[in-house]
Structures are given as structure tokens and as C-alpha cells.
Amino acid sequence: DRILPNPVGSSTWKAVDAGDSHACAISNDTLWCWGYNGSGQLGDGTTSDRRSPVQVGSATWKSVATGTSHTCAIRSDDTLWCWGSDSSGQIGDGGGAGGDQITPVQVGASTWVSMATGGAANCAIRSDGTLWCWGYNSSGQLGDGTTTDRDVPVQVGSSVWGQVSVGEDHTCGLRGDGAAACWGTNASGQVGDGSTTN
């Protein structure tokens, strides 16, 4: 265990995100991951843990987000890719709650501007401003009016969105008009509507 910050490699990094037991970062538009890899969440084609960064393929990348045991990232061509655990459909390729994916798998054919992961769920905003979510949905954190897990992205309402953030079992987003909205588990009031109802 480290109790003080420890530099990672000698690269200059422009983005980083930490999951449950792994992390990924972007340097010079290349993507690197390290840490626990039991579900292939490092994306290097193995399930071997890595004590130092390993490169994810040869593509160039814009952003990355790490869940508990999976990772999603947007490439420079605005395509979205996920890999790692697919226990609840969080890979988003329509394969159901399938096996682990140890290399990146493309999510649909759309172009995306931003995305977020949390636990075993993901949400992302398309280039037209629509919000889409997929993966684990036990508390309605996907925002589609159900508690059914989804293995492909489902649209959240018809609003235009500017930002999204995904927690362990709830989600919040900013609409284009500046209004904030939250949904999912609410046992501690995390939806912010004055109740404790999911």
C-alpha cells in the first residue's frame, strides 16, 4: 500500500481514471492501463495483472472511464469501445451478460462525445446530444423506466444532454438547459428529490 502519491512511469499524461482495482490513462493519444486484470479490464489481450502501464492496442484515444471490472473509452474518431467484465451487459455489444472481453469491443456504430462508467453500468452522450445507458440496472440507474439490465445502449428520455456521471447504482446528468437530473438507487437520498425512493 502507498500512503503518498507515487508517479506512474515517465510519460506526460492528459487524462486518467481509476476503477475498483485498476486504472487507465492517456498519453500522446495512446491509452495505457495497469493494475488488476482478472476480467480483462486492462484491454491488453490477457488476464494478467500489470504493475506498470501496458498499451491498449495501437489506436489513438480521446477519453477513458473505468468501472469496477470493465473499461470504456472513446477513440479519436469518436467511436466508443468497452472491454473487461460483461456480467451485466456492460460491454454494450448486444451479446447479453456474456463472457469477459479482454480486448476493446465497439459499442454500436454511433459517434460519441463523452461517457461515464460506474460499477457495472455506463452512460454516454452521442454527437446529437442524446443520452444512452447500458449495463447493470437493478435500481433503475439506466434511466429507461425499468430495472432490466441492458446489453446495448438505451436512450434516456428525449432531452439534449451536456454531461453525465455514473455512480455505483445511480446516475446524474446535466441537460442542455442547465437543469440537473438524477435517477437510480436513492436509499441515502442520492437522487436529491427529498425522498429515499428509488
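Does T30 count as buried or exposed at 18% relative accessibility? T30 counts as buried, because buried means under 20% relative accessible area. The model described here is a predicted one.

## T30 and its surroundings

T30 belongs to strand β3. Its side chain is joined to the side chain of W32 by a polar contact of 2.7 Å. If neighbours within four places in sequence are left aside, T30 is in contact with A25, Q55, A59 and W61. One of these residues, W61, returns below as a member of an aromatic pair.

## The loop before β3

The loop between β2 (22-27) and β3 holds N28, and D29 lies in this loop too. Most residues other than glycine have a negative phi. N28 departs from that pattern, with a positive phi near 50 degrees. D29, which is not a glycine either, has a positive phi of about 70 degrees.

The two residues fall into separate accessibility classes. N28 has 69% relative accessibility and so counts as exposed. D29 has 32% and so counts as partly exposed.

## A sheet of four strands

Strands β5, β6, β7 and β8 form an open sheet, in the order β5-β6-β7-β8, and their pairing is antiparallel. The edges are taken by β5 (61-66) and β8 (101-106); each has a single partner strand, so one side of each has no neighbour in the sheet. On average, and with direction ignored, neighbouring strands of this sheet are turned by 20 degrees against each other.

Within the sheet, 5 bridges pair strand β6 (residues 70-75) with strand β7 (residues 80-84) in the antiparallel sense. One of the bridge partnerships links I74 to L80 in β7.

## The hairpin of β14 and β15

Strand β14 (residues 170-175) and strand β15 (residues 180-184) run antiparallel and are joined by 5 bridges. C172 has C182 in β15 as its bridge partner.

How many residues lie between β14 and β15 in the hairpin they form? There are 4 residues between the two strands. The turn includes G178, which has a positive phi of about 90 degrees.

## Aromatic pairs

A pair of aromatic rings is described by two values, the distance of the centres and the angle of the planes. The count for this model comes to 4 aromatic pairs. Among them is the pair of W13 and W34, which is tilted, with 6.0 Å from centre to centre and 50 degrees between the planes. W13 lies in the segment before β1 (15-18) and W34 in strand β3 (residues 30-35), so this pair ties together parts that are 21 residues apart in sequence. W13 has 27% relative accessibility and therefore counts as partly exposed. W34 has 16% and therefore counts as buried.

Another of the pairs is formed by W61 and W83, and it is edge-to-face: the centres are 5.8 Å apart and the planes make an angle of 65 degrees. W61 lies in strand β5 and W83 in strand β7, so parts that are 22 residues apart in sequence are tied together by the pair. Both W61 and W83 are buried.

## Charges over rings

Which ring does the charged end of R75 sit over? The charged end of R75 sits over the ring of W81, 3.7 Å from the ring centre. A second arrangement of this kind involves R126, whose charged end sits over the ring of W132, 3.6 Å from the ring centre.

## Y136 in a loop

Where does Y136 lie? Y136 is part of the loop between β11 (131-135) and β12 (150-155). With a relative accessible area of 30%, Y136 is partly exposed. The side chain of Y136 makes a polar contact of 3.3 Å with the side chain of S138.

Y136 also touches residues from other parts of the chain. Not counting residues up to four places away in sequence, Y136 touches S88, A120, A121, Q141, L142, D149 and D169. Y136 and R150 are 14 residues apart along the chain, and 6.9 Å separates their C-alpha atoms.

Key: Residues numbered from 1 in each chain as written. Predicted model: local features only at pLDDT ≥ 70, side-chain atom pairs only at ≥ 80, totals over all residues. Heavy atoms only, no water. Pairing = 2+ DSSP bridges. Axes fitted to C-alpha atoms, helices over the stretch in contact; angles between N-to-C directions. Phe/Tyr/Trp six-rings, centres within 6.5 Å; stacked < 30°, edge-to-face > 60°. Buried < 20%, exposed > 50% of the residue type's maximum accessible area, 1.4 Å probe, protein only. Lys NZ or Arg CZ within 6 Å of the ring centre and 35° of its normal. Polar contact = N/O pair within 3.5 Å; in protein donor to acceptor, adjacent residues only side chain to side chain. Contact = heavy atoms within 4.5 Å.
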